[in-house]
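Me: I should like to go through the reasoning behind the terms used for this structure. Please set each value against its definition.

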Amino acid sequence: MGGIVLSLTRMTRILEVDVENRIAVVEPGVINLHLTEHVSQYGLCYAPDPSSQKACTIGGNVAENSGGPHCLAYGVTTNHVLGMEVVMADGSLQWVGGRAREMPGYDLRGIIIGSEGTLAIVTKVIVRLLRQPEAVKTLLAVFRELDQASAAVSGIIAAGIVPAAIEMMDDLCIRAVEPAVNAGYPADAGAVLLVEVEGLSESVEEEQSGFPIANLLHAGDGNLHPSVLFDERKPGDTQKALALGGEILKMCVDAGGVLSGEHGIGLEKQEYMPFMFNDDDLEAMARLKPAFDTRDLLNPAKIFPTGASCNEVAFAGAIARAGAGAWI
Ligand SMILES: Cc1cc2nc3c(=O)[nH]c(=O)nc-3n(C[C@H](O)[C@H](O)[C@H](O)COP(=O)(O)OP(=O)(O)OC[C@H]3O[C@@H](n4cnc5c(N)ncnc54)[C@H](O)[C@@H]3O)c2cc1C
């Protein structure tokens, strides 16, 4: 028997806004931006702001422990979710966490956040709200070289200044974006930073392995989005681009970084988990899953490596491997 696709996109109600305690209770299908738009009437906002916030949901944010430009100053989703109603794999309804900042016992809330839908289905979320900043100023800093922009980010952080956001674009990104949006980015810049006090952004361009790579990144918290530009109609280029993605990830891990700053592991990065974790680490994580989901019903085949080679991790291949009963 095949699997089922469970869609929560119609669970879009904001159930409660407790202005005094700066808390909201929402259903998982609430669009991230809609929550901030709704509570702005009280001078409040919801801090985690993935760049996809016009489309992504609070439930998806919880599953991916999402960040965003302002998470440099305010932290990611787990820092703003107090409690959740969840449906366990056996159908039982549970609450994890609550309205208080600290709860006794194991932090099951923290375990479920970022578990990519593999442990439980989130059906209500209690979130913290923040006061809207009184003033926001955005600065544009232009650099001849990407390295200079990167050094400026490190300098800002080292000086103990924490802007609300620091975003970077490289020259390839600038040249792609400017003709479309006419923001005034200089076409001959090597990189730009946008710093928002409350916030910042920058861009850089580079070419590694025969493919141009455009870089757009949340520079403040070191969260990179290299875009490998390739033509999927050219035989072999998709595989080469995927392999290049793997090399970039390896380089990040070797430099002390992680496999994913915000998008999770899912299917595409699962074979790269051994870059970061040894067998004991992976086994300790894998032992958690049956404690929540004995029959491996929820998002099976995700996160953990299957033993395939990294080049086989093309997205379509991963989906095919997920097999019957998979919830992707
Ligand atoms: C243009 C763009 C920009 C982005 N920028 C950012 C960014 O700045 N920061 C960032 O962190 N991410 C970013 N992302 C990634 C993505 O938008 C986020 O991870 C987002 O949180 C996903 O939410 P969603 O509603 O789209 O989830 P979906 O894609 O629908 O689901 C993601 C996963 O969560 C699971 N899931 C969803 N809802 C639930 C639930 N209620 N209970 C249990 N599991 C659930 C799903 O099964 C799936 O495995 C970006 C994506 C795009 C396309």
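Reply: The model is predicted. In it, α2 (58–64) and β6 (121–128) each supply at least two residues of the shell around the ligand, and α2 gives the most, with five residues.

Me: What makes a residue part of the shell around the ligand, and which are the closest?

Reply: A residue is counted if one of its heavy atoms lies within 4 Å of the ligand. On that basis 25 residues surround the ligand, the closest being S52, T57, N61, S66 and E262.

Me: Why is the pair formed by E262 and the ligand called a polar contact?

Reply: The cut-off for a pair of N or O atoms is 3.5 Å. An N or O atom in the side chain of E262 is 2.7 Å from a nitrogen atom of the ligand, so the pair qualifies. Oxygen atoms of the ligand lie 3.1 Å from a polar side-chain atom of H218 and 3.3 Å from one of K302. The protein buries 70% of the 980 Å² that the ligand exposes when taken alone.

Me: Why is the ligand said to lie between domain 1 and domain 3?

Reply: Domain 1 (14–131) and domain 3 (232–328) both give residues to the shell, so the ligand lies between them.

Me: How do you know where the second largest pocket lies with respect to the domains?

Reply: Its lining also takes residues from both domain 1 and domain 3, so the pocket lies between them. The second largest pocket has a volume of about 680 Å³. Of the 32 residues that line this pocket, G114, S115, E116, M285 and I303 are the closest to its centre.

Conventions
Residues are numbered from 1 along each chain as its sequence is written. This is a predicted model: local features need pLDDT of at least 70, side-chain atom pairs count only at pLDDT 80 or more; totals for chains, interfaces and linings use all residues. Side-chain values use heavy atoms; hydrogens and water are left out. On a 1 Å grid over the protein atoms alone, a cavity is a set of points where a 1.4 Å probe fits but cannot get out, and a pocket is an open set with protein on both sides within 12 Å along at least five of seven lines; lining residues have an atom within 4 Å of a point. Grid points are joined across faces, edges and corners, and a volume is the space filled by probe spheres set on the points. Domain bounds come from an automatic or database domain assignment. A polar contact is a pair of N or O atoms within 3.5 Å; within protein, one must be able to donate a hydrogen and the other to accept it, and residues adjacent in sequence count only if both atoms are side-chain atoms. Accessible areas come from the Shrake-Rupley method with a 1.4 Å probe; for residues, only the protein chains shown count as cover. Helices (H or I, at least four residues) and strands (E, at least two) are DSSP runs, numbered from the N terminus.
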